Amino acid sequence: MDIRALHSHLETAFEYPVTTERVLERAGDIEVAAPNVDDAETVETILAPLGAETYESATDLYNTILGSVSDDYIGRKFYDDRGADPADSWSILPDQARSF
């Protein structure tokens, strides 16, 4: 499932509040597709490491999923089209760590 379509699915799939356990029972096997990557993570893979939680709304659950996906979902790290490369000011990053 495309991550942008996930919110509307979560709105209709559960009655809120809902626990992590219930989400994993009913939707844990849903694959959330990452942009530009062939592999997808399941809802279970994303939520299981967070432990037991209670989500008050679909937005609460969606935001938790969105904030917990792997780096494959965020695009190019440290990219900023509004200025200079921020890595220039980071003495801890070697030249090889830059993405361009």
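What percentage of the 100 residues in the protein is made up of buried residues? Buried residues, defined by a relative accessible area under 20% (exposed being over 50% and partly exposed in between, with a 1.4 Å probe and protein chains only), make up 28% of the 100 residues. The structure is a predicted model, in which local features need pLDDT of at least 70 and side-chain atom pairs count only at pLDDT 80 or more, whereas totals for chains, interfaces and linings use all residues. Residues are numbered from 1 along each chain as its sequence is written, and side-chain values use heavy atoms, with hydrogens and water left out.

The protein contains 4 helices and 4 strands, taken as DSSP runs (H or I, at least four residues, for helices; E, at least two, for strands) and numbered from the N terminus. Along the sequence these elements follow the pattern α-β-α-β-β-α-β-α. With contact defined as heavy atoms within 4.5 Å, residues 24 or more positions apart account for 52% of the contacts with a separation of 6 or more.

The largest nonpolar core (a set of buried Ala, Val, Leu, Ile, Met, Phe, Trp, Tyr and Cys residues joined through side-chain atoms within 4.5 Å) has 19 residues, of which Leu-10, Phe-14, Val-23, Val-43, Leu-47, Leu-61 and Ile-65 touch the most other members. At least two residues of this core are supplied by each of helix H1 (3-13), helix H2 (20-27), helix H3 (43-47) and helix H4 (58-68). Beyond its neighbours within four places in sequence, Leu-47 is in contact with Thr-20, Val-23, Leu-24, Tyr-55, Leu-61, Thr-64 and Ile-65.

A search of the whole structure finds 1 aromatic pair, formed by Phe-14 and Tyr-16 in an edge-to-face arrangement, with 6.3 Å centre to centre and 75° between the planes. Rings of Phe, Tyr and Trp (its six-membered ring) pair if their centres lie within 6.5 Å, with planes under 30 degrees apart counted as stacked, over 60 as edge-to-face and the rest as tilted. Phe-14 is buried at 7% relative accessibility, while Tyr-16 is partly exposed at 23%.

The search also finds 2 salt bridges, each a side-chain nitrogen of Lys or Arg within 4 Å of a carboxyl oxygen of Asp or Glu. One joins Arg-4 and Asp-2 at 2.8 Å, N to O; Arg-4 is exposed, with a relative accessible area of 68%, and Asp-2 is partly exposed at 33%. Another joins Arg-22 and Glu-25 at 3.4 Å, N to O, and these two residues lie 3 residues apart in helix H2, about one turn of the helix.
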